[in-house]
Amino acid sequence: MMKRPIVELSDCIRCEVCVAACPAAFRMNDAGFVEVIDLSAYPDDEVNEAIRDCPADCIRWEEE
Ligand code: SF4
């Protein structure tokens with residue numbers, strides 16, 4: 001089963017901690033919001049680090 005990280009944008013404070021933890025999966029878009037980059041597989045350890053360190057606790061895995 002495919003899993004991908006989801007960001008709850010309404011809770012996101014745009015601190016960019018997730019981008020620093022896992023630049024392969026997270027980026028800030030031109031509007032200044034976090035975007036999850038489309039990948040066929042996500043690096044578990046780095047995404048888990050972003051989930052753990054997100055100060056707003058607004059990243060989670062979603063199974064597809
Ligand atoms: S770490 Fe969390 S609060 Fe910070 S930009 Fe990423 S998703 Fe938003």
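Start at the ligand: the shell of residues around it divides into twelve nonpolar, no polar and two charged. Select the ligand and its surroundings, and you will have 14 residues on screen. Those that come nearest are Cys12, Cys15, Val17, Cys18 and Cys54. Keep in mind as you look around that this is a predicted model.

**Zoom out to the whole chain**

Now show the cartoon. You should find two helices and four strands, and if you trace them from the N terminus the order is β-α-β-β-α-β. The radius of gyration is 11 Å, close to the 11 Å that the globule rule gives for 64 residues, so the chain is as compact as a globular protein of that length. Turn the C-alpha trace along its principal axes and it spans about 30 × 25 × 20 Å.

If you like to colour by burial, expect buried residues to make up 19% of the 64 in the chain. A contact view is worth a look too: among contacts between residues at least 6 apart in sequence, 62% join residues at least 24 apart.

**Select the nonpolar core**

Next, select Cys18, Ala21, Cys22, Ala25, Phe26, Val34, Tyr42, Val47, Ala50, Cys54 and Ile59. These eleven residues make up the largest nonpolar core. Helix 1 (17-21) and helix 2 (44-53) each supply at least two residues of this core. As background, nonpolar side chains in soluble globular proteins tend to be buried together. Two of the residues you have just selected, Cys18 and Cys54, also appeared at your opening stop, among those that come nearest to the ligand.

**Stop at alanine 21**

Stay with the core and pick alanine 21, which lies in helix 1. Is this residue buried or exposed? Alanine 21 has 20 other C-beta atoms within 10 Å, and 20 or more is what it takes to count as buried, so this residue is buried. Setting aside residues up to four places away in sequence, alanine 21 touches Glu46, Glu49, Ala50 and Asp53. For a distance to try in the viewer, go from alanine 21 to alanine 41: they are 20 residues apart along the chain, and their C-alpha atoms are separated by 16 Å.

**On to valine 47 and proline 5**

Click on valine 47, another member of the core. Which residues does it touch, not counting those up to four places away in sequence? Valine 47 touches Pro5, Cys22, Ala25 and Tyr42.

Follow that contact to proline 5, in strand 1. Proline 5 counts as buried, with 22 C-beta neighbours inside 10 Å. Leaving aside neighbours within four places in sequence, proline 5 is in contact with Ala25, Val36, Tyr42, Val47, Ile59 and Trp61. Then draw a line from proline 5 to arginine 52: the two are 47 residues apart in sequence and 12 Å apart in space, C-alpha to C-alpha.

**Finish in the loops**

Three loop residues round off the tour. Begin with glutamate 16, in the loop between strand 1 (3-7) and helix 1. Its phi is near 70°, a positive value in a residue other than glycine. Glutamate 16 is partly exposed, with 13 other C-beta atoms within 10 Å.

Move to aspartate 57, in the loop between helix 2 and strand 4 (59-63). Here too phi is positive in a residue other than glycine, this time near 55°. With 11 C-beta neighbours inside 10 Å, aspartate 57 counts as exposed.

Last, select asparagine 29, in the loop between strand 2 (26-28) and strand 3 (34-36). How many other C-beta atoms lie within 10 Å of asparagine 29? There are 8, and this residue is exposed. From asparagine 29, draw one more distance, to alanine 56: the two are 27 residues apart along the chain, with their C-alpha atoms separated by 19 Å.

Technical notes
Residues are numbered from 1 along each chain as its sequence is written. This is a predicted model: local features need pLDDT of at least 70, side-chain atom pairs count only at pLDDT 80 or more; totals for chains, interfaces and linings use all residues. The radius of gyration is taken over C-alpha atoms; the globule rule is 2.2 Å times the number of residues to the power 0.38. A residue is buried if 20 or more other C-beta atoms lie within 10 Å of its own, exposed if 12 or fewer, and partly exposed in between; C-beta atoms are placed from the backbone. Two residues are in contact if their C-beta atoms, placed from the backbone, lie within 7 Å. A residue is near a molecule or strand if its C-beta atom, placed from the backbone, lies within 6 Å of it. Ala, Val, Leu, Ile, Met, Phe, Trp, Tyr, Cys and Pro count as nonpolar, Asp, Glu, Lys and Arg as charged, and the others, Gly among them, as polar. A nonpolar core is a set of buried Ala, Val, Leu, Ile, Met, Phe, Trp, Tyr and Cys residues joined through C-beta atoms within 7 Å.
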